[in-house]
Structure formats: C-alpha cells, structure tokens
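Grab a pencil and work through a few exercises on how the chains of this model meet. Try each task before you read its solution.

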4 protein chains.
Amino acid sequence: MKVHVHKIPQTAPDDLSGLKQAIASSAIRPDTVVAVLGKTEGNGCVNDFTRGFATQTLDLFFKNLVGPALAERILYIMSGGTEGVLSPHLNVFTCEAAPDNAPRGPGLVLGVGRTRDFAPEELGSLAMVDEVARVVESARKAAGLTVADTHFVQIKCPLLASDVIRAALAEGKTLKTTDTYKSMAYSRAASALGVAVALGEVSRETITEEDIGRNWALFSGVASTSAGIELQHCEILVLGNSPDSASDLRISHSVMQHGLDAAAVRDALSAAGTGEVINVLAKAEADPTGLILGRRHTMLQDSDINHTRMARAVVGAVIASIVSDPMVYVSGGAEHQGPAGGGPVAVIVRKSL
Amino acid sequence: MKVHVHKIPQTAPDDLSGLKQAIASSAIRPDTVVAVLGKTEGNGCVNDFTRGFATQTLDLFFKNLVGPALAERILYIMSGGTEGVLSPHLNVFTCEAAPDNAPRGPGLVLGVGRTRDFAPEELGSLAMVDEVARVVESARKAAGLTVADTHFVQIKCPLLASDVIRAALAEGKTLKTTDTYKSMAYSRAASALGVAVALGEVSRETITEEDIGRNWALFSGVASTSAGIELQHCEILVLGNSPDSASDLRISHSVMQHGLDAAAVRDALSAAGTGEVINVLAKAEADPTGLILGRRHTMLQDSDINHTRMARAVVGAVIASIVSDPMVYVSGGAEHQGPAGGGPVAVIVRKSL
Amino acid sequence: MKVHVHKIPQTAPDDLSGLKQAIASSAIRPDTVVAVLGKTEGNGCVNDFTRGFATQTLDLFFKNLVGPALAERILYIMSGGTEGVLSPHLNVFTCEAAPDNAPRGPGLVLGVGRTRDFAPEELGSLAMVDEVARVVESARKAAGLTVADTHFVQIKCPLLASDVIRAALAEGKTLKTTDTYKSMAYSRAASALGVAVALGEVSRETITEEDIGRNWALFSGVASTSAGIELQHCEILVLGNSPDSASDLRISHSVMQHGLDAAAVRDALSAAGTGEVINVLAKAEADPTGLILGRRHTMLQDSDINHTRMARAVVGAVIASIVSDPMVYVSGGAEHQGPAGGGPVAVIVRKSL
Amino acid sequence: MKVHVHKIPQTAPDDLSGLKQAIASSAIRPDTVVAVLGKTEGNGCVNDFTRGFATQTLDLFFKNLVGPALAERILYIMSGGTEGVLSPHLNVFTCEAAPDNAPRGPGLVLGVGRTRDFAPEELGSLAMVDEVARVVESARKAAGLTVADTHFVQIKCPLLASDVIRAALAEGKTLKTTDTYKSMAYSRAASALGVAVALGEVSRETITEEDIGRNWALFSGVASTSAGIELQHCEILVLGNSPDSASDLRISHSVMQHGLDAAAVRDALSAAGTGEVINVLAKAEADPTGLILGRRHTMLQDSDINHTRMARAVVGAVIASIVSDPMVYVSGGAEHQGPAGGGPVAVIVRKSL
C-alpha cells in the first residue's frame with residue numbers, strides 16, 4: 001500500500017482551487033483519493049455549517065470527476081474551528097497499490113470505515129462505543145496494522161440537533177443530554193472510548209454507561225474524534241506504520257498531558273524522525289478542573305466563547321510555534337482522548353532518504 | 001531605588017484575597033505600592049467592565065489602608081482579556097528608597113506618569129502622541145533611566161464610548177472614528193507612537209496625522225498600550241534597568257516579529273539572564289495582512305470573536321508553553337508596538353545570586 | 001406602608017449620577033431605600049461581572065450615605081443582559097411608614113428576605129426549593145400580602161463557578177451539573193419552584209429532585225429568578241397590592257405563553273389600570289422545544305450566542321414596542337417561571353387620580 | 001405577468017425537503033422560478049458561509065432540474081442571520097406569462113437584474129451607486145413598474161474579504177475600509193443609494209463620495225441591501241404592484257422610523273389590505289446615535305455580539321409579535337435604507353377575493 005497526504009490550503013470552505021491544481025499537475029490522481037481530512041473556518045460547534053459546505057463541495061467535485069461509485073468510498077472528515085492562527089486546509093489522503101517491485105519498509109498505511117447510523121438515544125452510549133470499536137478494529141486489520149503500530153484514529157461523529165432532540169423526546173426516548181452543544185461532547189466521548197476498546201487501551205468490561213463523558217481516567221492515546229451536524233454515523237480513519245508500506249511517509253505520536261505540553265509535541269516529532277513535516281494532528285481541550293499548570297484558566301466560565309474554541313486556539317498556537325507552520329490540524333473537545341486537559345498529538349513526516 | 005514586583009492570582013476582578021495575604025505576611029508594604037498592572041477576565045474590548053471593577057476595588061482598598069493622599073499616586077493599569085490559558089492576576093509594583101549602604105547594581109527601576117485628560121477629538125491624534133511623549137520622557141528621567149536601558153513602557157489609554165461619540169458629533173466635532181471598538185485601536189496607536197517619539201525610535205517630524213493607525217513602518221519596540229472605558233487620560237509606567245538600582249530584579253526585552261515568534265521570547269529570556277522568571281509582558285495582534293508565516297489566518301474576518309481576543313490567546317499560549325506558566329501578561333492590539341503582526345515582549349527575572 | 005419605585009438610567013454599571021441627582025432633589029430619601037433591582041449591561045451569564053460591579057458601587061455608596069447598619073438591609077438584585085434595545089437602569093424601591101392619616105387603598109407593597117448560603121451540592125435541589133419557599137412566605141406575610149395579591153417575586157440566586165465546582169468535586173460531592181452556565185439554570189429552577197410552593201401554585205409533595213430543571217409542567221406565574229456569580233444565597237423581593245397600602249403605585253401581572261405573546265403584555269397593562277407605566281418586569285426564555293408558534297428557532301443551537309441572551313432581546317423588543325420605552329426589566333432563563341417558552345410579566349403603574 | 005411567492009421553511013442551509021415537496025405537489029413549477037430570497041442561520045456577517053452553502057445547494061438543484069441555461073437566470077439572495085425568533089426559510093419567487101384571458105388588476109410584479117462585478121476599490125463608491133442605479137432602473141422598467149408603485153428593492157451585494165483587501169493594498173489601491181465587517185456597511189450603503197437614485201428619492205447630483213456610509217439624511221424608503229462574501233457583483237430584485245398584474249398577491253410598504261416602530265408595520269399591513277400575509281420584509285439597524293426612543297442602547301459598544309445581529313433580533317421580534325409568525329424576512333444593517341435607526345418594511349399579502 002502506498003499512501004500519500006497532500007496538505008492543501010483553502011480560502012473558503014468551498015475553495016477547490018488548490019485541489020484542482022494538484023490534480024492538474026498530476027500530484028494527485030483523483031481515483032486514488034480515499035479520505036479528506038479538513039479544518040474549516042466555522043465555530044466548530046453545533047451551528048457550524050462550514051463542515052457540511054466543504055463536504056458537499058468535495059462530494060460533488062469527486063462525483064463528477066471519478067463517478068459516483070468511486071467517489072462514494074471517499075471519507076470526508078471536516079473539523080470546524082480555525083481559531084487563532086490555525087489555517088483552513090484539506091489533507092487529502094491517497095492510497096494505491098504499490099508495484100510489486102516497489103521498495104517497502106516501515107511507513108504510513110491507512111484503513112477506513114463507516115459505522116451504521118446511530119439513533120438519537122444511542123449517542124454517547126455503550127452501543128455507540130461498541131459499534132465504533134467494531135469498525136475501528138476492522139479498519140485497522142484491513143490496513144495490516146498491529147495495535148502497537150496504530151498512531152492516530154480520526155473519527156467524525158454525529159451530534160443531536162434541536163429538531164432531532166424534539167422528535168426523540170416526543171417519542172418518549174431518553175437522551176444523554178438535551179443540550180445540542182453537550183451532545184457533541186457525548187458523541188466524541190463514546191467514539192473515543194470505542195477506539196480505546198478496539199486498541200485494548202481500555203477494557204470494555206470496565207466501562208459503564210456512567211463513565212462515558214465523565215470518567216476521565218479512561219482514555220485512548222491515539223483517538224481524535226470530532227462531532228458534526230452533517231452526519232448520523234461515524235466516519236473512521238485509522239493511521240499507522242506498517243513494515244509492508246510503500247509510502248514515503250511515516251507517522252508517530254505522543255500524548256500531550258495538557259494544552260501547553262510542548263515537550264510531547266517535540267517527542268512526537270523526534271519519534272517521527274528527520275524529514276519534512278507534512279502535518280501535525282492534535283486534540284485540544286480546556287482542562288475540566290479549571291486549572292492548567294496549577295493556574296486558573298477562565299475558559300469554562302466564559303459564556304461568550306465556547307471552551308472548545310479557545311482550546312483549539314491554544315494548542316494550535318503551541319504546535320504552530322514549534323513547527324513554524326500554522327497550517328496544522330487541531331480539533332477541539334478531547335473527552336477520553338488523552339488524559340483530562342490533554343490529548344493525542346501525531347506527526348506525519350516525509351522520510352528523508 | 002528598590003523595586004519589587006509581586007504577581008498575585010485573582011479569582012475574580014474584585015478578589016483581593018491574595019493581595020491581603022501578601023500584606024498580612026509583610027511581603028508587600030502597602031505604602032510602597034506605586035502601580036498595579038493587572039490582567040482581568042473581561043473581553044478586553046469596549047464593554048469590558050472587569051477593568052473598572054478591579055480598579056474600583058483596588059482603589060477603595062488602598063484608600064482605606066494608606067489614606068487618600070498616598071493612594072492617589074498609585075497607577076492602576078488593568079488590561080482585559082485572559083483568553084485561552086491566560087490566568088487573571090495582578091502585578092503589584094512597589095518602590096522604596098534603598099538604604100544608603102544597600103548594594104547597588106544593574107537592576108529594575110521604574111517611573112510613573114499621568115497625562116491630562118484627552119478630548120474625544122484628540123483621541124488618536126498627534127496631540128495625543130505629543131502629550132504621551134512628554135509624560136513618558138519625564139517618567140523615564142525621573143526613574144534615572146537612559147533610553148537604551150528602557151525596556152518596557154506600559155500605558156493605559158482611553159477609548160470613545162457611544163455616549164461620548166454622540167455628544168462630540170452633536171457639538172460638530174470631527175473624530176478619528178465613530179466605531180467604539182476602532183477607537184481603542186486609535187488610542188493605542190497614538191499612545192505607542194508617543195513612546196516611540198519619547199525614546200527616539202521614531203522622529204516626531206516624520207509622523208503625520210494619517211500615519212496614526214495606518215503606517216505600520218513606524219513603531220516602538222518597547223511600547224505596550226491598552227485602551228479602556230474607565231479613564232480619559234493615560235496612565236504610564238516606564239520600566240528599565242539602572243546601574244543605580246537596589247532591586248533584586250532585572251528586566252530585558254525583545255520584539256516578536258509575529259505571534260508565533262518563540263525565538264524572540266527565548267531571546268528576551270536569555271537577555272534577562274538566569275533567575276526565576278517573575279513575569280513575561282507582551283503585546284499581541286492578528287497580522288493585519290491576514291497572513292502569518294505565509295499562511296492565511298481567519299482572525300480578521302471572524303465576526304463572532306474580535307481579533308484582539310484571539311491574538312491574546314495565541315501569544316499567551318506560545319509564551320506560557322515556553323515558561324511553563326500561563327500566568328503571564330499579554331495584551332491585545334499592537335498598533336505601532338513592534339512590527340505589524342508582532343509586538344514587544346519583556347521579561348522580569350529575579351537575579352540569581 | 002408607602003412604597004415608591006424610581007427608575008434611573010445608568011450609563012455604566014458604576015454610574016450613580018442619576019441616583020445622586022434623585023437624592024439631591026429629594027425625590028429619594030436614602031434611608032428609605034430597601035431594594036435596588038437593576039439591569040446591567042453584561043452578558044447575563046456566568047462571567048458577567050457588571051452585576052457585581054454595580055452591586056459593589058451601590059453598596060459603598062449607601063454605606064457611606066446612611067451608615068452600614070441601615071445599608072445592610074438593602075437588597076441588591078442585578079440582572080445582567082441588555083441585549084437588543086434593553087436599556088441599563090436601576091429600579092430603586094423605597095419603603096416608609098405612612099402617616100396615620102395618609103389615604104390608603106389598594107396599592108403596591110413589598111416584602112424582602114434573604115436565604116442562608118447554599119452549599120454547592122444544594123444548588124438546584126429540593127433543599128433549595130424549601131429554603132426559598134420559607135423565605136418567600138415569610139417576606140409575603142411581612143408585607144401583609146395575600147397569595148392572590150402577590151404579583152411578582154424577584155429572586156437573585158447563586159451559580160456554580162469553576163473553582164467552586166472543582167473544590168466540591170475534590171471533596172467528593174455530587175453536583176447537579178459541572179457546567180457553569182447550566183448551573184445558572186438549575187439555580188433559577190429551584191428558586192422558581194420555591195416561589196411556586198410558597199404561593200401554593202405547585203404542591204411541594206409533587207416535586208421530585210428530578211423535576212427540577214426538567215418538568216416544565218410545574219411553574220409559578222409570578223416568579224422571576226436570576227442567577228449571579230456575586231452571591232451564595234438568595235435575595236428575595238416580593239411585590240403585590242395590599243388594601244392597606246399608602247403607595248401611589250399599583251402592580252398587576254399576566255403570564256406570557258411564549259416570547260411573542262403581546263396579548264399577555266397588554267393584559268397585564270389593562271389589569272394595572274390607567275396610569276403612567278413605571279416599569280414592566282418580565283422573564284424570557286428560548287422555547288426548549290426549538291419551536292415558537294410552530295416555527296423553528298435557532299437559539300438553542302447557536303453556539304456563538306447563549307440562548308438566554310437572545311431571549312432577552314426578543315421579549316425586550318416586544319414589550320418595548322408596546323410601551324414605547326426600551327427601559328424595561330427583562331431577565332433571561334425562565335425555568336419553572338411561566339410555561340415552557342413563556343414567562344411572567346408584571347406592570348407597575350402610577351395610579352391616576 | 002403572474003408572480004407567486006412560496007415561503008418554505010428550512011431545517012438547515014442545505015435543506016431542500018420543503019422545496020422538493022412543493023415541486024412534487026406542483027405548487028411550484030421549477031421552470032418558473034426567477035429568484036430565491038432566503039434567511040439562513042449564519043451570523044449574517046463576514047464569515048457567514050450559510051449563505052454560500054444555501055446558494056450552492058439551490059444552484060445545483062435547479063441546474064439538475066431545469067438545465068443550466070434556465071437555472072442561470074435565477075437570482076439567489078441569501079441574507080444571513082436568524083437571531084432571536086427569526087426562522088430560517090426560503091422565499092421562492094415564480095413568474096410566468098399569464099394567459100391572455102387571465103383576470104388582471106393591481107398586483108405583484110417583479111423585475112430582476114445583475115450588475116457587473118465590482119473591483120475592491122469600487123466597493124462603497126459612487127461608481128457602485130451608479131451601476132446599481134442603472135440596473136435597478138432597468139429591472140423596474142422591465143417589470144412595467146412606475147416609481148410610485150415600486151415597494152421593495154432587494155439587493156445582495158459583495159463585501160471585502162481579508163485576502164481581497166490584502167491583494168488590493170499590495171497593488172496600491174485605496175479602499176473605503178480595510179475592515180471586513182465595515183466593508184459590508186459600505187457595500188450596503190452604496191447599493192441603497194443606487195436604489196434611491198434610481199427611484200428619484202435622492203438626486204444623484206447631491207451625493208458625494210463622503211456621503212456614502214455617513215450622511216444618513218440621504219436614504220431610500222424601499223431599499224433593502226444585504227452584503228455577502230459569496231459574490232462580487234449585485235443581484236437585484238425589484239418588487240411592486242402593476243395594474244397589469246395577473247398575480248394573486250399584492251405588496252405594500254412603510255418606513256419604520258426606529259426598530260420598535262410597530263405603527264409602521266401596522267401601516268404597511270393596512271396598506272396591503274385584507275388577506276393572508278405571505279411575508280413581511282424589513283431592514284433593521286442599531287440606531288447610530290446609541291439612543292432609541294431617547295434611551296441608551298448598548299448594541300454599538302457590545303464587543304461580543306455585532307450590532308447587526310441584535311438589530312435583526314429586535315425588529316424580527318417586533319414584526320413577529322404583530323403578525324404572529326416568526327418566519328419573516330428581516331435583514332440587518334440599514335445604511336441609507338430608511339432613516340438612521342429605522343428601515344423599510346414591506347408586506348406581501350394574498351388578495352382576498
């Protein structure tokens with residue numbers, strides 16, 4: 001398997017000029033595209049339609065270009081929120097069979113998957129954990145990845161919109177929350193625990209319904225989950241290194257213990273080895289205790305700006321200052337993704353020859 | 001002159017528990033307090049009343065404690081906005097005569113000053129530049145500081161509130177702007193150019209009315225100006241090192257070329273020499289070109305969150321990740337304070353023995 | 001009892017110019033002030049310090065003017081949020097004994113009370129309901145009011161700040177919520193049910209812990225509760241008409257069934273009878289179903305602006321357009337205050353002769 | 001000419017379920033659609049991509065349905081911002097030739113037009129005024145409308161995005177403003193004056209460059225202009241009554257003198273005559289003096305929420321409370337559209353038989 005990642009700037013959620021150029025120049029062969037992971041410039045919260053706008057734009061583009069059958073297998077994972085210096089962009093993942101005689105060695109491979117749609121009452125539940133775990137495991141195996149070599153699992157998961165909540169309550173269903181913004185947290189939480197279960201980081205038996213979105217001792221060191229109003233199922237992208245890879249790229253990861261953990265970012269960079277940094281992928285959250293490094297932060301009681309927005313600005317700035325590039329992927333809300341207040345950070349580099 | 005700086009956390013703009021404890025423990029002698037420089041947790045923009053709330057609270061406290069005469073000389077400079085990890089706190093500057101036999105050597109000294117009140121039509125004008133320059137120079141000299149040894153000039157300056165604008169327009173006056181948020185930028189701009197003139201960084205002759213708030217080639221490398229609704233004049237605090245200082249502290253500075261300029265922060269730290277970091281003081285702004293390190297940022301077209309707020313979150317995170325302390329002083333809106341998109345950064349350390 | 005209400009514009013939370021003028025002109029005798037009910041221009045949510053700023057300013061003013069003993073009995077109830085056309089102002093309630101020969105007739109009287117401080121785990125609980133009910137009943141009786149003649153019960157209640165939540169969790173306490181903004185809703189909810197119990201609108205026996213903040217079938221038609229970071233107890237003001245009143249004023253009320261219920265506002269005005277309208281007092285909330293008059297509203301999934309802010313803007317505009325005065329008192333978040341999506345509305349008029 | 005207006009709720013910017021249903025039921029014949037005027041649920045400011053998302057969705061839909069040639073003539077005018085109770089919806093305007101024997105009488109007709117693209121330096125200029133005036137006049141005449149019978153002119157106009165500003169400045173161009181949010185005001189202002197000129201409300205000779213966005217004495221009583229990031233030209237829709245109309249609908253208008261001017265709304269309703277109200281179309285703005293009905297409002301110094309957002313919430317609530325329907329069209333920022341602080345309001349009713 002030969003995987004490439006193309007980082008393409010966007011001037012707006014519907015800007016495909018960079019992508020078109022990459023295709024025109026043959027840098028990207030459209031029939032090899034398997035996933036697009038983007039940062040779009042909405043608020044990253046409930047009423048962020050930049051994600052759907054980008055997805056619709058890409059979907060139409062690829063359907064026209066390669067036909068519906070091929071296009072339908074492409075995963076679109078749009079994470080909203082480019083607060084601070086974060087720069088809107090797309091990461092286009094391509095995957096093709098390598099010629100038999102291609103040199104192989106430890107390098108990037110990927111697996112993809114989709115869960116079934118979730119009912120509103122399943123959002124944030126053990127049923128969601130289980131279904132996510134099932135698909136993650138399947139995608140990992142399809143990629144030929146061991147658990148130890150799995151470095152990042154990106155998931156786009158659903159949320160509960162107002163009308164969905166209303167309809168569910170009218171039917172007498174019990175929901176984890178009736179707050180649209182909170183529903184994002186529950187969805188990310190269950191998805192992350194699904195990854196943790198799939199990778200053996202947390203034993204399924206130990207997780208109770210009450211743990212989801214509450215017991216921060218349970219977490220995955222490689223899960224990155226992002227909720228959106230634009231889907232009802234989960235889209236899943238598993239990344240890791242395989243000895244059988246024909247890619248020029250390599251991925252590594254570390255776990256930030258808090259939002260200012262520059263050392264973890266440097267660890268991930270070191271582990272990736274020398275080579276051009278293609279992108280850094282990280283999760284961010286406001287420490288739920290209201291403290292960071294022993295100091296009070298105000299993110300959790302700021303009623304003007306949601307804390308996930310500020311968390312992205314913080315972690316984005318820290319990483320960007322280290323790699324001297326603000327075009328990095330930082331997603332907000334890291335429930336069960338790294339320890340409370342922290343989050344996984346992965347680095348994709350081009351292997352130097 | 002023996003100057004101390006006490007960094008005191010606040011749990012709210014009216015929280016004096018830390019200050020009271022410092023006084024109770026004799027760490028601070030209240031009659032030696034000359035200035036309080038604070039970060040309060042408002043939006044840092046026009047309708048930020050946390051600054052006034054903190055100022056009123058401090059003013060009452062000191063008036064009761066040391067009497068109105070002594071209290072009135074204290075400068076209160078509250079900078080709103082603790083976005084991201086920034087942690088609300090007060091920096092209490094004390095200043096006392098050192099005994100004749102006290103050891104002296106290069107160390108922190110300070111000068112203070114107040115301008116006259118500015119009329120609405122003067123805000124952002126050359127008249128404001130001149131008056132600020134006059135008071136900065138006078139404060140610098142009173143502190144016994146050379147221009148070269150002046151490392152940070154902090155100014156609290158006024159803004160135009162809606163009712164002030166309405167009254168001024170009714171009288172037929174011409175204002176630089178009728179937008180309350182923009183008026184903050186003009187006030188910071190003229191104040192910063194006042195510092196630049198006072199320190200010879202920019203020649204007064206070269207500045208035209210049109211340059212103010214527009215010609216970013218003109219700037220000071222040590223000015224830090226912050227606007228607020230709670231005053232009509234400027235409060236000015238000049239910081240530097242004097243060979244004749246009896247303080248345990250030392251200050252140094254550098255100029256961040258952009259919001260991610262970690263190297264400049266490290267330069268300022270190196271220049272300060274080894275020793276416990278008391279605080280880092282910096283200015284932040286969204287690069288007015290809409291680009292940072294060649295990448296597009298979205299801060300200037302985000303109509304939900306003002307760009308000064310995001311700029312503080314970014315620079316605050318970068319500095320906090322370097323010094324491992326989010327309780328640093330970062331103020332937003334750096335017009336003529338460092339180059340466009342950048343800003344001065346100063347470090348105060350306790351000299352190691 | 002002779003009660004007056006003085007509506008005084010403010011240019012900022014610490015603006016006392018109008019109040020001072022009213023005292024200077026003898027319109028207000030400071031020793032007769034028993035309560036100040038204000039609308040301040042913060043966000044009305046967790047980090048709204050305009051309420052505390054106004055309270056501190058008033059408290060200092062009255063302590064200096066009438067001495068601590070008299071001043072301490074004054075209730076300060078500041079409701080944040082003047083979204084849309086709402087205009088910041090204070091309602092100063094004075095109360096004095098009427099001369100024996102003063103004409104008496106149905107007119108405004110008031111009662112005041114304070115609960116004990118609530119522990120974090122009590123916020124939003126039946127214990128809070130009970131304590132509020134106790135104090136409301138006691139204040140009503142002290143005012144000489146029948147239940148039927150009680151037209152408005154205004155309560156300022158506490159919220160859970162981040163540090164309070166952290167400390168409580170560290171002690172192993174169970175809280176209704178760990179979300180600061182949500183804690184405001186729980187506090188308003190329990191306080192409102194306290195009123196409903198005190199006035200016999202809801203039977204105490206029927207209320208379970210789970211009903212609080214959830215079962216909207218239970219509500220008071222006269223409760224108006226507003227949460228703030230500036231206190232740990234509840235301040236309570238009971239308003240109604242007594243046949244024994246010597247006041248020139250009269251109060252009446254109605255219940256808005258939804259935020260656009262102009263008919264209810266007109267009913268309350270009609271019931272008050274002819275006479276100059278002193279103020280209209282109302283509660284506002286975004287309909288929790290996400291629908292209003294059968295149409296979808298977006299307030300509950302707007303992650304940029306909290307729904308309580310928008311609800312105030314809406315109800316404020318409706319009432320202001322009816323009375324042609326935007327200086328009305330509208331408070332956001334109407335849990336158990338009127339039916340879901342609606343809220344009580346009261347009118348105070350000067351009786352025409 | 002036979003014109004219909006179909007008001008169709010949307011659950012999201014890309015929700016076409018209602019439109020599809022109307023077509024399926026033959027209520028709408030797709031080849032007769034000439035314009036879609038929508039309220040989408042973004043912030044209505046610079047970074048509102050809900051407008052573009054809705055436009056892209058509609059454009060694709062109609063291109064597939066009726067072919068590119070027919071589809072290209074459809075105007076898409078999306079106005080962002082459904083603050084408060086405003087309910088997202090589309091107004092689909094259809095227009096067809098009436099049979100020769102169809103009954104005719106005073107009723108709704110429409111004209112449409114598009115200007116050329118504007119260069120960045122033209123935005124907010126007299127050149128823009130002139131081009132808009134030219135196209136408005138041409139559209140009015142094509143509709144067979146007299147000036148007196150023209151009741152509403154809706155324009156979608158461009159704004160200056162950050163990258164456009166940067167490029168223009170790099171080329172040495174002079175712009176009216178370098179602030180993206182302000183650029184919306186300039187664009188709306190010039191477009192509105194274009195309408196005023198076209199309809200003889202303001203004499204072209206009297207307008208100077210400096211008047212645009214400043215001299216509020218100049219205004220149109222029927223212009224409604226809305227800026228967006230999704231176009232570089234203006235889309236123009238002229239509505240009025242013609243004696244030769246075969247429509248069942250009639251339009252009338254009035255001018256709100258301020259945001260609470262319920263009387264003007266009632267005047268417009270009366271003028272429209274009895275009949276089912278199809279929709280109310282209105283402009284809203286925060287009074288630039290900072291006062292409304294003599295009371296201070298805080299919209300212009302609220303740095304957390306842009307004033308156009310609050311203005312929409314206010315006028316939307318006032319109108320919705322009168323017509324008992326929150327699904328009305330209210331657009332924010334009324335520069336030269338009605339007097340300062342006010343704006344035009346039009347009503348479309350179905351003529352009762």
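Below are three exercises, each with a worked solution.

A word on the ground rules: this is a predicted model, with local features needing pLDDT of at least 70, side-chain atom pairs counted only at pLDDT 80 or more, and totals for chains, interfaces and linings using all residues. Residues are numbered from 1 along each chain as its sequence is written, chains are lettered from A and ligands numbered from 1 in the order in which they are written, and side-chain values use heavy atoms, leaving out hydrogens and water.

**Exercise 1. Work out how chain C is placed relative to chain A.**

Step 1: Recall that two copies of a chain are related by a rotation about an axis and a shift along it.

Step 2: Chain C lands on chain A after a rotation of 180 degrees with 0.0 Å of shift along the axis, at RMSD 0.0 Å (least squares on the C-alpha atoms of residues with pLDDT of at least 70 in both copies). That is how a two-fold axis relates two copies.

Step 3: Look for the residue of chain C that comes closest to the axis: Asp304(C), with its C-alpha at 3.5 Å.

Step 4: Of the interface residues of chain C, 100% are interface residues in chain A too, so the copies meet through the same surface.

**Exercise 2. Describe the interface between chain C and chain A.**

Step 1: Start with contacts (heavy atoms within 4.5 Å): 22 residues of chain C touch 22 residues of chain A.

Step 2: Together the two chains bury about 1900 Å², 38% of it on carbon and sulfur atoms (accessible area, 1.4 Å probe, lost on being put together and summed over both parts). Arg166(C), Gln301(C) and Ser303(C) supply 34% of what chain C buries here, more than any other three residues.

Step 3: Count the salt bridges (a side-chain nitrogen of Lys or Arg within 4 Å of a carboxyl oxygen of Asp or Glu), and you get four. One of them joins Arg309(A) and Asp304(C), at 3.3 Å from N to O.

**Exercise 3. Place Gly341(B) and decide whether it is buried or exposed.**

Step 1: Find Gly341(B) in the loop between strands E13 (329-332) and E14 (343-350) of chain B (strands are DSSP runs of E, at least two residues, numbered from the N terminus).

Step 2: Gly341(B) has 4% relative accessibility, so it counts as buried (under 20% is buried, over 50% exposed, partly exposed in between; 1.4 Å probe, protein chains only).

Step 3: Beyond neighbours within four places in sequence, Gly341(B) contacts residues including His258(B), Glu285(B) and Pro288(B).
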